[in-house]
Amino acid sequence: MSENLIVPTMAEMLAQGKQPEVLFWVGCSGSFDDRAKKITKAFVRILNRANISFAVLGTEESCTGDPAKRAGNEFLFQMQAMMNIEVLNAYEAKKIVTACPHCFNTLKNEYPELGGVYEVVHHTEFLKSLLDDGRLTIEGGQFKGKRITFHDPCYLGRANKVYEAPRDLILKLDAELVEMKRSKANGLCCGAGGAQMFKDAEPGNKEINVERTEDALETQSEIIATGCPFCNTMMTDGIKVKEKEGDVKVMDIAELIANAQDL
Amino acid sequence: MSYLDNILFAILLIIGFGYFFRSVQKIRRNINLGTDVNRSDNPKARWTNMAMIALGQSKMVKRPVAGILHIIVYLGFIIINIELLEIIIDGLFGTHRIFAFLGTTYNVLIASFEILAVLVLVAVSVFWIRRNVIKLKRFISSDLKGWPKSDGNYILYFEVVLMTLFLLMNASDLHLQNVPGGFSHFIKAGSFPVSQFIAPIFNGVSNESVMLMTEIFWWLHITGILIFMNYLYFSKHLHILLAFPNTYFANLKPLGQFDNLESVTKEVKLMMDPNADPFAAAPVDENAAPSKFGASDVQDLNWVQLLNAYTCTECGRCTSVCPANITGKKLSPRKIMMDTRDRLVEVGKNIDDNKGVFVPDNKSLLNDYISPEELWACTSCNACVEECPVNISPLSIIMDMRRYLVMEQSAAPMPLNAMMTNVENNGAPWQYNQQDRLNWKNEN
């Protein structure tokens, strides 16, 4: 069954002489990774439900350059950045929302100096603002009373001090938010950042994602909520290593909200 | 009356401060070996940072036990400096307890110095126990083998000796103040809540001998302070001074924002300029791009990173929260800072030995001190930066060294090369076609 997602592209919008309220930057993970695509769709369903005028770049989008920059390849990063900025500026993009904290950080902090100045928000911040403006209502639904813990993505939390928006959304679901021993500014990385996602870990005695999954399991939560497709992958793998797939689910905040509304 | 004491004292001071200023000059020179970076913006936020973080110790108390003990020792240091002022005046002019005219204020001051001295002794003892008996993980790690471990203990011993001398000096002074009918120049001044319990040890000793002891304690105390001051140059204890400029000049931008290399921007812009003549000779630029991208040695780092290295007090909080280190990888952010300082000192010595010019020594920060394995283990999560009580950024050094490895040596781990090839060819870190970017829309 093919669902009817309404996903206009910036090119289509321009052809109709329209400018969307917000540009949804999908990111590589959200476009290609099977697990992350579910997050992308969940977010789109919410946007559609709330009748938000948005558009994606579609095939005109390209990697922000974040993994190249963190790996040390400043050339490749700046080439990607300048190409993306050319596209974004051509469409006169003003506001960008993304479900990937790495894209979020790069677009928000590292693009302005190179000529790309936009208002950039993480999808949890965007959803929170829709809620605050009364453009979206959330009911707890299936998550009412459930124990949920939130894993802070480094590039959302420490890097940009966004700690409350995702937590506020979890609380709106009438769920019981349980903090891990290391959270917010003290949160432990999932192990994917700094381009680690794309290579093997150096020799050690443990995988970082397992260490972090143990933090999450300690909270006895049924759901580990994240706001980053890479954290999602790392925590999901961690749960597999711990053989807890049956008991604990890893879900993005957007999925929690979409599922709660049976979207 | 002989002026020998005063002259001796003045000479001692001149030697003590003279050597100290020489060390300060060397540190300044070494820090200035770094490249330039502008940290003069937003002075208001910078002063606030300095007041809150260095003066106010706000990040120290994130770990309450060490934090509170540290505040005691730190207050002891600051307040006892007022006593130092009196000692210097007395020593230079042959006076005795020159501030005694302050009356009650003086009594309160001396009393609080004494109580602080005891608290410092307690705090320092706990610190010693944490390092040598309880052996907290961050104090026994391999980063601290050799000199750094001894250095940590020497500082504690210094404090014990100085505080003990201070109390003995007061106790013997008090004993002479209480001689019926008075003795020599020992006027009644000060309140001694602690040393009054030590003073009885002098009962039965001749007044002349006690006076000699007072003088010895006094001289040892000031000499000890001057030696300690000069010890800073060789020690992690340098943080008591450099924490202030370090917090002032620290990065104010969001932690996730890594600097964009300007030299790269120029080249990329030229590359993307459709009007650029591809066959033209490279334009001669007065402000030519640096010959090197990233950092392989201390001279390639900026001066704030070098200031960071001198400021690091090797507490290891960074390493204790580093996800790579927690899971047994070689990377230790503290070691990155210690290596940077060690190499910088080595480069400085080289310059001193060669009449002010650095003679290449076939060594570098990269490889000889910091291995690529350490650099590649970093997740860039910023936990170390967040944790540092004085806002040091080990991450910025790691990133600059990765840049050197990748852009100068093409020495990235193979899977990262594959990732970068993908980004370059198809605009994603994986091998997917850019034309398929919107396929998710119609998939189930």
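1. In this predicted model, the axes of helix α10 (residues 303–311) of chain B and helix α13 (residues 333–353) of chain B come within 8 Å and cross at roughly 100°. Since angles of 65 to 115 degrees count as roughly perpendicular, α10(B) and α13(B) are therefore roughly perpendicular to each other.

2. On the α10(B) side, this contact is made by Leu306(B), Asn308(B), Ala309(B) and Tyr310(B), while α13(B) contributes Met337(B), Thr340(B), Arg341(B) and Leu344(B). Sorted by class, the residues in the contact of α10(B) with α13(B) are 5 nonpolar, 2 polar and 1 charged.

3. Turning to chain A, an open sheet of 4 strands follows the order β6-β5-β7-β8 (chain A), and its pairing is parallel. The edges are taken by β6 (176–177) and β8 (249–252) of chain A, each of which has a single partner strand, so one side of each is left without a neighbour in the sheet.

4. Within that sheet, strand β5 (residues 147–150) of chain A runs parallel to strand β7 (residues 223–226) of chain A, and 3 bridges join them. Ile148(A) has Ile223(A) as its bridge partner in β7(A).

5. Helix α8 (residues 164–172) of chain A packs on the sheet, where it touches β5, β6 and β7 of chain A, and the direction of α8 makes about 170° with that of β5(A). Helix α10 (residues 229–241) of chain A, for its part, lies across β7 and β8 of chain A and runs at about 175° to β8(A).

Terms used:
Residues are numbered from 1 along each chain as its sequence is written. Chains are lettered from A and ligands numbered from 1 in the order in which they are written. This is a predicted model: local features need pLDDT of at least 70, side-chain atom pairs count only at pLDDT 80 or more; totals for chains, interfaces and linings use all residues. Two strands pair if DSSP finds at least two bridges between them. Helices (H or I, at least four residues) and strands (E, at least two) are DSSP runs, numbered from the N terminus. Two residues are in contact if their C-beta atoms, placed from the backbone, lie within 7 Å. Axes are lines fitted to C-alpha atoms, for helices over the stretch in contact, and angles run from 0 to 180 degrees between N-to-C directions. Angles under 35 degrees count as roughly parallel, over 145 as roughly antiparallel, 65 to 115 as roughly perpendicular and the rest as oblique. Ala, Val, Leu, Ile, Met, Phe, Trp, Tyr, Cys and Pro count as nonpolar, Asp, Glu, Lys and Arg as charged, and the others, Gly among them, as polar.
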